[in-house]
Amino acid sequence: MKHLFLLLQVDIEKKMQEAPDGSYEIGVVIGSYLPFVVLAGIAYAIYHYNKKKRGSD
């Protein structure tokens, strides 16, 4: 996982250097972190659903 993060970080830095303006940089950052946030939300939803299904609050 650490290696994947380092690989993605280099790609983000390269895109930031080639960015035409500040708005593009913001879009790159949001687009880079959004998939991880969505996956964390899905994982939490599955956890919460299974917790309720078992009846352990």
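Colleague: How many Å² does the protein chain expose, and what percentage of it do carbon and sulfur atoms supply?

Modeller: Please keep in mind that this is a predicted model. The protein chain exposes about 5200 Å², and 66% of that area comes from carbon and sulfur atoms. Burial is the other side of the picture: 7% of the 57 residues count as buried.

Colleague: Thanks! How many helices and strands does the protein chain have?

Modeller: There are two helices and zero strands. Helix α1 covers residues 2-17, and helix α2 covers residues 22-54.

Colleague: How do I check the span of helix α2 against its number of residues?

Modeller: Count 1.5 Å a residue, and the 33 residues of α2 should span 48 Å. The C-alpha atoms at its ends are 48 Å apart, so the expected span and the model agree.

Colleague: Where in α2 does a kink lie?

Modeller: Look at L34, where the helix has a kink of about 30 degrees. The proline P35 follows shortly after that point. Then move along to G55, just after α2, which takes a positive phi of about 90 degrees.

Colleague: Which residues make the nonpolar surface patch?

Modeller: The patch is made by I26, V29, I30, Y33, L34, F36, V37, V38, L39, I42 and I46, and its area is about 1000 Å². Notice that L34, the residue at the kink, is one of the patch residues.

Colleague: Let me try one of them. Is I26 buried or exposed?

Modeller: The cut-off for exposed is over 50% relative accessible area. I26 has 53% relative accessibility, so I26 counts as exposed. You will find I26 in helix α2.

Colleague: How far apart are M16 and V29 in space?

Modeller: Their C-alpha atoms are 9.0 Å apart, while in sequence the two residues are 13 residues apart. M16 belongs to helix α1 and is partly exposed, with a relative accessible area of 22%. V29 is among the residues of the nonpolar patch.

Colleague: And the aromatic rings: how many aromatic pairs does the structure hold?

Modeller: The structure holds one aromatic pair. Its rings belong to Y44 and Y47, with centres 6.3 Å apart and planes at 40 degrees, so the pair is tilted. To count as tilted, planes must be neither under 30 degrees apart nor over 60. Both residues lie in helix α2, three residues apart, which is about one turn of the helix.

Colleague: What are the relative accessibilities of Y44 and Y47?

Modeller: Y44 has 53% and counts as exposed, whereas Y47 has 48% and counts as partly exposed.

How values were computed. Residues are numbered from 1 along each chain as its sequence is written. This is a predicted model: local features need pLDDT of at least 70, side-chain atom pairs count only at pLDDT 80 or more; totals for chains, interfaces and linings use all residues. Side-chain values use heavy atoms; hydrogens and water are left out. Helices (H or I, at least four residues) and strands (E, at least two) are DSSP runs, numbered from the N terminus. The expected span of a helix is 1.5 Å times one less than its number of residues. The bend at a residue is the angle between axes fitted to the seven residues ending there and the seven starting there. Buried means under 20% relative accessible area, exposed over 50%, partly exposed in between (1.4 Å probe, protein chains only). Accessible areas come from the Shrake-Rupley method with a 1.4 Å probe; for residues, only the protein chains shown count as cover. Patches are made of residues with over 30% relative accessible area and no salt bridge: like charges are joined within 9 Å, nonpolar side chains (Val, Leu, Ile, Met, Phe, Trp, Tyr) within 5 Å. A salt bridge is a side-chain nitrogen of Lys or Arg within 4 Å of a carboxyl oxygen of Asp or Glu. Rings of Phe, Tyr and Trp (its six-membered ring) pair if their centres lie within 6.5 Å; planes under 30 degrees apart count as stacked, over 60 as edge-to-face and the rest as tilted.
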